[in-house]
Amino acid sequence: MLQHAPSCTATREPAPPTAVIGRFVPAGLLALAVAALTLAPTNGQAAQADRSEPVKVQADKKVTRYKEGSSVYTGDVVIDQGSLHATGDRATLYLEDGELVRAVLEGKPATFRELDDEGNLVEGEALNADYRTADREVILTGQAWMTRTGDRISSDRITYDLANEVIEAGDSEGGSRVEMTLQPRNRPEED
């Protein structure tokens with residue numbers, strides 16, 4: 001049986017500013033999470049602790065298809081789970097036995113922000129974000145970008161493997177360029 005979290009009274013926040021990601025660490029987008037950012041556990045436990053928090057969804061309209069195990073939310077969609085905060089025009093949530101197994105967020109753009117497992121803020125946006133909880137994978141498509149600790153990656157497609165901390169950007173046909181901006185890190189001074 002499907003279970004849905006009650007709506008929350010969060011207000012929609014503006015899309016995150018274009019900042020800049022060198023080393024991405026696990027963060028659940030949508031869980032988009034995607035994305036995407038409320039309760040802030042201690043550093044080293046934020047994203048992991050978020051998964052045990054309830055998913056709260058706010059939208060103008062909701063249609064649930066119990067036989068399919070899906071709910072479609074449309075109109076100014078806001079999703080919150082722990083530190084995850086995601087927004088979009090439309091979200092489709094797929095549940096099995098009351099557990100979120102996939103979330104697809106669409107928007108112009110869809111946005112997210114969340115604290116990762118090390119307590120760093122991860123932000124991003126794309127026209128589409130697909131979070132697959134079983135695979136622990138987030139796929140951002142359409143004018144996608146992500147930022148963390150001042151670093152930024154952008155491409156038409158970004159795949160983020162949360163379990164293995166691997167990011168793949170671009171496509172095999174070469175139709176999408178990848179742009180990466182790495183900020184200098186503090187290095188110890190030599191004598």
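In this predicted model, residue E114 is placed in strand β5. With a relative accessibility of 0%, E114 counts as buried, because a residue falls in that class when its relative accessible area is under 20%. In space, the C-alpha atom of E114 lies 8.6 Å from the C-alpha atom of A86, although 28 residues separate E114 and A86 in sequence.

Strand β5 belongs to a chain that is built from one helix and 10 strands. Read from the N terminus, the helix comes at the start of the order and the strands follow it, in the pattern α-β-β-β-β-β-β-β-β-β-β. The protein chain comprises 191 residues, of which 45% are buried. Its exposed area amounts to about 10,200 Å², and carbon and sulfur atoms contribute 46% of that area.

The confidence of the prediction varies along the chain. The average pLDDT of the protein chain is 76, and 72% of the residues reach a score of at least 70. Among the elements, strand β2, which covers residues 61–65, has the highest confidence with a value of 97, whereas helix α1, which covers residues 46–50, has the lowest with a mean of 64. Over residues 1–45 the pLDDT is below 50, and this stretch nevertheless has 197 contacts in the model beyond near neighbours in sequence. Where pLDDT is low, predicted coordinates should not be read in detail.

The pairing of the strands can be followed from β5 onwards. Strands β5 and β6 run antiparallel and are joined by 11 bridges, and within this pair L105 stands opposite A129 of β6. Five residues lie between the two strands of this hairpin, where G119 adopts a positive phi near 85°. Strand β6 also pairs with β7, again in the antiparallel sense, and here the pairing extends over nine bridges. In this second pair, E125 has W145 of β7 as its bridge partner. The hairpin of β6 and β7 has four residues between its strands, and in this hairpin R136 takes a positive phi near 50°.

Nonpolar residues from several of these strands come together in the interior. In soluble globular proteins, nonpolar side chains tend to be buried together. The largest nonpolar core of the model holds 25 residues, and the members that touch the most others are V77, I79, L93, L105, L140 and M146. At least two residues of this core come from each of the strands β3 (70–81), β4, β5, β6, β7 (137–148) and β8 (151–161). The greatest contribution is that of β5, which gives five residues to this core. L105, one of the members with the most neighbours in the core, is also the residue that faces A129 across the pairing with β6.

Charged side chains add further links between the strands. In the whole structure, five salt bridges are found. One of them joins the side chains of E106 and R90, with an N to O distance of 3.5 Å. Since E106 lies in strand β5 (residues 99–115) and R90 in strand β4 (residues 84–96), this pair ties together parts that are 16 residues apart in sequence. Both partners count as partly exposed, E106 at a relative accessibility of 28% and R90 at 33%.

A further salt bridge is formed by R102 and D130, whose closest N and O atoms are 2.6 Å apart. R102 lies in strand β5 and D130 in strand β6 (residues 121–132), so the pair connects parts that are separated by 28 residues in sequence. The accessibility of the two partners differs in class, for R102 is partly exposed at 29% relative accessibility, whereas D130 is buried with a relative accessible area of 9%. The side chain of D130 also meets that of R132 in a salt bridge, with 2.8 Å between N and O, and R132 is partly exposed with a relative accessible area of 29%. Taken together, R102, D130 and R132 are linked in a network of salt bridges. Strands β5 and β6 are thus described by two kinds of link, namely the 11 bridges of their antiparallel pairing and the salt bridge between R102 and D130.

Methods:
Residues numbered from 1 in each chain as written. Predicted model: local features only at pLDDT ≥ 70, side-chain atom pairs only at ≥ 80, totals over all residues. Heavy atoms only, no water. Buried < 20%, exposed > 50% of the residue type's maximum accessible area, 1.4 Å probe, protein only. Areas by Shrake-Rupley, 256 points an atom, 1.4 Å probe, with all protein chains shown as cover. Salt bridge = Lys/Arg side-chain N within 4 Å of Asp/Glu carboxyl O. pLDDT = per-residue confidence, 0-100. Contact = heavy atoms within 4.5 Å. Core = buried A, V, L, I, M, F, W, Y, C linked by side-chain atoms within 4.5 Å. Pairing = 2+ DSSP bridges.
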